[in-house]
Amino acid sequence: NSFDAAGGGFAGGSVAFREAGRVLELTSQIFDDGDFLGGVEKMVMFKPKAKKSEGDAYVKELVHHIKASKDTLKAMINKKDLLVDACHQLEEELLAEMEGAAL
């Protein structure tokens, strides 16, 4: 099997499909977290319940939302870093496997 840069993957297919499946599995393991996904949904779908005319209550709600969004974004960055590290490990394993098969 050789890497086909123009085609975006490995010629021969089976290795590419297997590795893609491993990446999808890692992605699910890292990102399929109910608390995290709930935080993302709240961040994206946020609409204040308080009205602007309510002054302090409105500002407190916005401040709370900003802090919660910041925590969610920090979690997202951490999860992204975990995925990058895991994919790097998979890449090293695949390269070692390919080098072993070439011998």
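# A walk along helix α3

In this chain, residues 24 or more positions apart account for 56% of the contacts with a separation of 6 or more, a contact being heavy atoms within 4.5 Å. Before you start clicking, note that this is a predicted model, where local features need pLDDT of at least 70, side-chain atom pairs count only at pLDDT 80 or more, and totals for chains, interfaces and linings use all residues. Residues are numbered from 1 along each chain as its sequence is written, and side-chain values use heavy atoms, with hydrogens and water left out.

**Stop 1: the whole chain.** Switch to a cartoon view and start at the N terminus: the elements run β-β-α-α-α, giving two strands and three helices. These are DSSP runs numbered from the N terminus (helices H or I, at least four residues; strands E, at least two). Of the 103 residues, 20% count as buried (under 20% relative accessible area; exposed is over 50%, partly exposed in between; 1.4 Å probe, protein chains only).

**Stop 2: the aromatic pair.** Select F31 and F36 and show their side chains. The structure holds one aromatic pair, and these two residues form it: the ring centres are 6.0 Å apart, the planes make an angle of 55°, and the pair is tilted. (Rings of Phe, Tyr and Trp, for Trp the six-membered ring, pair with centres within 6.5 Å; planes under 30 degrees apart are stacked, over 60 edge-to-face, the rest tilted.) Both F31 and F36 are buried.

**Stop 3: a lysine over the ring.** Keep F36 on screen and add K79, a residue of helix α3. K79 lies over the face of F36, 5.2 Å from the ring centre (NZ of Lys or CZ of Arg within 6 Å of the centre and within 35 degrees of the ring normal). Is K79 buried or exposed? Its relative accessible area is 12%, so K79 counts as buried. Beyond its neighbours within four places in sequence, K79 is in contact with I30, D33 and both phenylalanines, F31 and F36.

**Stop 4: L83.** Stay in helix α3 and select L83. L83 has 17% relative accessibility and is therefore buried. Setting aside neighbours within four places in sequence, its contacts are L26, T27, I30 and F31. Try a distance label from L83 to Q29: 54 residues separate them in sequence, yet C-alpha to C-alpha they are 9.4 Å apart.

**Stop 5: T72.** Helix α3 also holds T72. With a relative accessible area of 10%, T72 is buried. Which residues does T72 contact, leaving aside neighbours within four places in sequence? They are F36, G39, V40 and M43.

**Stop 6: the largest pocket.** Leave T72 selected and add G39, K42, M43, F46, K47, K49, E61, H64, H65, A68 and S69; together they line the largest pocket. Its volume is about 250 Å³. Helices α2 (34–45) and α3 (56–102) each give two or more residues to this lining, and α3 gives the most, with six. (On a 1 Å grid over the protein atoms alone, a pocket is an open set of points where a 1.4 Å probe fits, with protein on both sides within 12 Å along at least five of seven lines; lining residues have an atom within 4 Å of a point. Points join across faces, edges and corners, and the volume is the space filled by probe spheres set on them.)

**Last stop: L62.** Finish in helix α3 with L62, which is partly exposed at 27% relative accessible area. Not counting residues up to four places away in sequence, L62 touches F46 and P48. L62 and F46 are 16 residues apart in sequence and 9.6 Å apart from C-alpha to C-alpha.
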